[in-house]
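Student: Please take me through one part of this model in close detail. I would like a connected account.

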Amino acid sequence: MEIDIFNYFNLAFVCCCLIFSVLLLIIYFSKKNMDNIENGIYKNLLFLDVICFIVSIAFDIAIFNYDLGDLIILYKLYYASLILWAFCLLVYVFIITIESRENIYKKIVTMRSKYSLMFYISLILLCLFEMIIPIYKRNISDYSFGVIMGPGVYFFYACIIIFLILGIIIVSINFKSTNKKKLIPFYIISILGVASLVFAVLIPKLSIIQLWMTIVSYIMYFTIENPDMKMVTELEFAKTQAEQANNAKSDFLSSMSHELRTPLNAIVGLSEMIISSDDISEVHEDGKDILKASNNLLELVDGILDFNMIESNNLELVNVRYNTSDFFNSLTDLIKDDLNSKNLEFRFRLSDNLPEYLVGDKNKIKTIIYNLLSNSIKYTSEGFVELNIDCTIKDNKCILRISVSDSGNGIKDEDISFIFDKFYRSSENKDSSINGSGLGLAITKSLVELMNGKIVVNSNEGIGTTFFVTIGQDLSQD
Ligand code: ADP
């Protein structure tokens, strides 16, 4: 391989890029960063910068001793790191452009671990693919553009073009809702990108792409990714959220007064009727309605009190030893009346692998199951409601697996990420005659988390909903 001044120049040049990138990496990690999705992707970009530059340096050193044909593996590594880098940039653009679409963004945040897994699997697959498919050296003595060819090179160009097109589509679709300031760095990056491509074609021996990558990382750091600026933005966000929570509380109070007044009025009105009535059967009917209204009232007040306790962190676990079969079988009594009034089939399966006795806060488990079952009954007009209780023994603990399913109308995709928020009710439920405070699931989730458990929901609109809860309980030593 013929060595010329460009090789020395490239080596020095990429070393500078590496130094600047490592410097940026150090600055970035020495500051406090927000744990958000954009930062996660930006970190990957910084690491990929460094990897790519190390590969470039290895290539520029090796070229002094070897022929290009012997350096195929380095070429592949270089292309793979560029593809991964471009992919990260694409995902980054996607995230910052959809940030303003709260529904989608919140969904991504709630399922972050799942999406992170998908993201890393995509990175691995892209990398593997680039490493597996062949590239070869063309029979050209000159070290110029097109000297390396083959499917690996086409795959690299295809990826870059596809990512570019996808990037343009994503920005155009979300252009209106995106904060325009956030897009300015990308305009600069695009202009510099085109300039460096022209350079790469005109002077192929000069590695200009590394300079572009370093500039991109710096521009992103000093504009959108600067941790200090991020802190300010996050603080502003926290402030707006606190204000929203405060407004929600006021709305809640006013709607609660309405909710409280309805059963109270019924109780007062019916009591007056009882006093002035001589007809014993009428008195009997009115008495039944008073009882119903009083129970509604009690449920509402209980919900508010529970929630208040949870909010002020005053709720503690009261662990007792209980007989599992007696306890879980008694739960069905809680919903008997509700079930009968709606003519729903109730399916109940208690696994026989449950230990006879467990130790835990059974009253909180009762509230969790009751909240989920009463929701299922409330939001299902025909079909069934099902309760399954199962367990696995792990590390001397019993992991209770509770699922509550129904054949109701299900939850709309746009509502699902909000249903555990306090005071949240889907828009059609707010307007419908179905009573509710929007506190049930918020309380349920807090109780599950208090017991270090997990709750997830799976719902298909028009088909039904299933809530899965896992909670650890101690095994009884007696
Ligand atoms: P609510 O008092 O409104 O029932 P929750 O916090 O218990 O409040 O539930 C929040 C929202 O979640 C409900 O308004 C409803 O839209 C939805 N939801 C909860 N459980 C179900 C279910 N089993 N089927 C359909 N929608 C449900």
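Student: Look closely at the interface of domain 1 and domain 3. How many salt bridges does the rule find across it, and which residues of domain 1 supply the buried area?

Tutor: Across the interface of domain 1 and domain 3, the rule finds zero salt bridges. The model is predicted, and the search for polar contacts takes pairs with both residues at pLDDT 80 or more. That search also comes back with zero residue pairs across this interface. By class, the side of domain 1 that touches domain 3 has two polar and two charged residues, and no nonpolar ones. So charged residues are present on that side, yet no Lys or Arg side-chain nitrogen is paired across the interface with a carboxyl oxygen of Asp or Glu within the 4 Å cut-off.

Now the area. Domain 1 and domain 3 bury about 400 Å² between them. Carbon and sulfur atoms account for 53% of that. On the domain 1 side, Asn103, Lys106 and Lys107 supply 90% of the area buried against domain 3. No other three residues supply more. The contact itself takes four residues from domain 1 and five from domain 3.

Next, the setting. The chain is divided into three parts: domain 1 covers 5-225, domain 2 covers 245-311 and domain 3 covers 320-475. The C-alpha centres of domain 1 and domain 3 are 47 Å apart. The chain as a whole has a radius of gyration of 31 Å, whereas a compact globule of 478 residues would have one near 23 Å. Along the principal axes, the C-alpha atoms fill a box of roughly 115 × 50 × 40 Å. The chain has 16 helices and nine strands.

Salt bridges do occur elsewhere. A search of the whole structure finds eight. One of them joins the side chains of Lys288 and Glu285, at 3.8 Å from N to O. Both residues lie in helix 10, which runs over residues 280-311. Lys288 and Glu285 are three residues apart, about one turn of that helix. Back at the interface of domain 1 and domain 3, the count stays at zero, for salt bridges and for residue pairs in polar contact.

Note on methods. Residues numbered from 1 in each chain as written. Predicted model: local features only at pLDDT ≥ 70, side-chain atom pairs only at ≥ 80, totals over all residues. Heavy atoms only, no water. Domains from an automatic or database assignment. Contact = heavy atoms within 4.5 Å. Buried area = accessible area lost by both parts, 1.4 Å probe. Polar contact = N/O pair within 3.5 Å; in protein donor to acceptor, adjacent residues only side chain to side chain. Nonpolar A, V, L, I, M, F, W, Y, C, P; charged D, E, K, R; others polar. Helix = DSSP H or I, 4+ residues; strand = E, 2+ residues; numbered from the N terminus. Rg over C-alpha atoms; globule rule 2.2 N^0.38 Å.
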